[in-house]
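Let's take a walk through this structure together, one helix pair and one loop at a time. Keep the viewer open and turn the model as you read.

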Amino acid sequence: RLGFLRGSDLDGNYRAKWITSGWKSTAPLKCGKSTTSNTMSDGGKEVHPRALSTETQRSMGGTGAVPAPSFERATGDTPHRNNEGLRRHPHQRVDSLYATTVFVIATWFLISIYPVSRPHPFSDDWTFTDIVGAGWRNFIEWVLAQHVDHRIPLVKSVQYLVLRITRFDFRALVLLNVVVAVLGVIGYKQFARRYRGHLALGDLIMPLILLNFSFGLFGWGFSAQFSFSVSLALVFLFVFVEAQQRASRPLLALALAILLACGACGMNGVVLAFISTCILLLTFLCARHLPMRRESIGGLVLVLTILLLVVLNWKPSAASSSMASLDMNRLCRWLLHLAKSSFATDAVKYKDWLTIFCTLFTLAGAAKGFASALALVRGKLPVASAALLAIYAGFMTVGLVVAVGRSGTSEWSPGLEMHYGYLVAPLIPLSWLMISTAINERLSMALGAILVVLYAHAYYAGAKWRFEYL
């Protein structure tokens with residue numbers, strides 16, 4: 001998919017067409033002296049420029065190097081910044097660095113953390129001991145029952161299966177959390193490549209955030225309620241956009257199933273999936289030119305109906321607060337602390353300036369999202385942008401709901417960044433993804449480098465804390 005040279009004329013000018021994600025170019029490529037050779041257009045064949053031998057190019061009067069075409073923006077589903085030439089090597093290096101980062105972190109966990117993790121239940125993990133030896137009827141009732149404020153049938157069933165396979169070694173639940181988090185990181189990577197056309201340096205912050213050792217998923221199996229919903233949302237982003245670009249009904253069904261699974265991971269997942277579904281449904285209702293419009297609307301309506309049934313059958317526990325007990329000052333403090341929670345332990349140490357930085361950065365992403373919302377109402381928002389806006393708004397709403405619900409009963413305390421903070425941790429990377437496509441290349445590189453340095457330090461601090469805790 002690097003491109004094709006198509007057609008020729010007698011004065012030696014060749015037109016290039018870029019065939020990837022809605023991009024094309026009509027810029028002529030000079031291949032040397034005039035020639036009547038039909039090497040590149042005989043029978044209407046398409047020849048990849050890298051496939052041309054040096055001898056073939058020289059026979060055409062060239063130097064053996066095919067100059068890269070200049071690109072112009074074309075209408076399509078993939079927002080993309082204008083790149084001059086085929087500068088693929090820096091992007092490939094970022095792609096390799098992203099994969100290497102994930103591999104190193106996963107290996108480090110397997111070598112240093114997993115072997116010394118606690119093999120016995122901790123806190124909510126003890127709920128699994130209540131169902132051991134129970135019949136199928138009791139098991140199904142337990143899976144579907146509400147756990148405090150949440151119905152988590154997916155988490156319960158998957159974790160119970162893993163425990164049975166591993167003979168109730170609770171370290172396996174921590175390992176499962178990490179595997180799920182890695183899937184979310186991969187989902188973001190694939191979506192970023194679809195959305196922007198390539199990975200950028202700043203995209204490296206996603207594995208540094210979601211795989212930060214200080215978050216609860218690396219030490220507590222039952223934090224799967226958080227890691228599952230976050231990762232499923234990011235995987236949904238990629239699968240849904242891929243389904244639309246390929247006009248694939250099976251992929252669309254898979255994407256909607258993933259979105260529904262997100263709603264089976266507690267009220268945090270229900271809120272995330274509900275808001276995302278509403279925005280995507282509005283997108284397809286406003287835009288009549290989108291592929292698989294009828295199928296998408298039907299599937300989204302079905303998902304929305306099921307989520308509504310879950311909400312209507314929800315019963316608040318004693319841990320939940322009512323709107324009548326809402327304290328605005330305490331609520332604002334919760335929101336400000338949540339905004340910087342992606343820095344985990346660093347958010348506790350450098351709370352003042354990180355609060356300002358993360359709040360401004362998130363608001364900048366929200367402003368870009370608001371511009372996208374205006375385009376959505378006019379029916380001019382591409383599917384990839386609509387999906388990103390939907391998930392972004394979902395995470396924002398989850399943060400608001402958590403702040404409203406918990407600020408009514410308690411004040412924010414240091415350390416909650418590693419717990420509730422994970423639910424909104426993707427907001428900074430998603431903000432970066434939107435912002436980086438709206439600014440020029442040099443500014444994007446500089447901002448991406450700053451983010452990577454900051455989150456690399458946060459990762460180091462989180463790893464140091466985890467090993468001291470162990």
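**A guided look at two helix pairs and a few loops**

H7 and H14 run roughly antiparallel to each other, because their packing angle of about 165 degrees lies above the cut-off of 145 degrees used for that word. To find the pair, look for helix H7 at residues 224-246 and helix H14 at residues 383-407. Their axes are 9 Å apart, and H7 passes H14 in a right-handed crossing. Please bear in mind as you look that this is a predicted model.

Which residues of H7 and H14 meet? On the H7 side they are Val230, Ala233, Phe236, Leu237, Phe240, Val241 and Gln244. On the H14 side they are Val383, Ala384, Ala387, Leu388, Ile391 and Phe395. By class, this contact has 12 nonpolar residues, one polar residue and no charged residues. If you wonder about the spacing of such contacts, an α-helix has 3.6 residues a turn, so residues three or four places apart point the same way.

Stay with H14 for a moment. Its 25 residues should span 36 Å at 1.5 Å a residue, and its end C-alpha atoms are indeed 36 Å apart, so the two values agree. H14 is also mostly covered, with 21 of its 25 residues buried.

Now let's step back to the whole protein chain. The chain holds 16 helices and five strands. Of its 470 residues, 51% are buried. When contacts between residues at least 6 apart in sequence are considered, 75% of them join residues at least 24 apart.

The second pair to visit is H5 and H15. Helix H5 covers residues 171-196 and helix H15 covers residues 427-436. Their axes come within 11 Å and cross at roughly 15 degrees. Are H5 and H15 roughly parallel or roughly antiparallel to each other? They are roughly parallel, because angles under 35 degrees count that way. The crossing of H5 and H15 is right-handed.

In this pair, Tyr188, Phe191, Ala192, Tyr195 and Arg196 of H5 meet Pro429, Leu430, Trp432, Leu433, Met434 and Ser436 of H15. Sorted by class, the contact has nine nonpolar residues, one polar residue and one charged residue.

H5 deserves a look of its own. It has 26 residues and reaches 38 Å from its first C-alpha to its last, close to the 38 Å expected at 1.5 Å a residue. H5 is mostly covered, with 19 of its 26 residues buried. Ile186 is found in this helix, and it is partly exposed, with a relative accessible area of 40%. The C-alpha atoms of Ile186 and Met206 are separated by 9.4 Å, and these residues are 20 apart along the chain.

Both ends of H5 lead to a backbone detail. After the helix comes Gly197, whose phi is positive, near 100 degrees. On the other side, in the loop between helix H4 (153-165) and H5, sits Phe168. Phe168 has a positive phi of about 60 degrees although it is not a glycine. Its relative accessible area is 26%, which makes Phe168 partly exposed.

For another residue of this kind, go to the loop between helix H9 (267-286) and helix H10 (293-312), where you will find Met292. Met292 has a positive phi of about 50 degrees, and it is not a glycine either. At 10% relative accessibility, Met292 counts as buried, since the cut-off for that word is under 20%.

The loop between H9 and H10 also holds Ala287. Ala287 is buried, with a relative accessible area of 2%. Leaving aside its neighbours within four places in sequence, Ala287 is in contact with Arg293 and Gly379. The C-alpha atoms of Ala287 and Pro382 are separated by 9.1 Å, with their positions 95 residues apart along the chain.

Our last stop is Lys340, in the loop between helix H11 (328-339) and helix H12 (345-349). Is Lys340 buried or exposed? Lys340 is buried, with a relative accessible area of 0%. Not counting residues up to four places away in sequence, Lys340 touches Ala347, Lys351, Leu354, Thr355, Cys358 and Glu417.

Conventions
Residues numbered from 1 in each chain as written. Predicted model: local features only at pLDDT ≥ 70, side-chain atom pairs only at ≥ 80, totals over all residues. Heavy atoms only, no water. Axes fitted to C-alpha atoms, helices over the stretch in contact; angles between N-to-C directions. Helix = DSSP H or I, 4+ residues; strand = E, 2+ residues; numbered from the N terminus. Parallel < 35°, antiparallel > 145°, perpendicular 65-115°, else oblique. Left-handed = near helix turned anticlockwise from the far one by under 90°. Contact = heavy atoms within 4.5 Å. Nonpolar A, V, L, I, M, F, W, Y, C, P; charged D, E, K, R; others polar. Expected span 1.5 Å × (residues − 1). Buried < 20%, exposed > 50% of the residue type's maximum accessible area, 1.4 Å probe, protein only.
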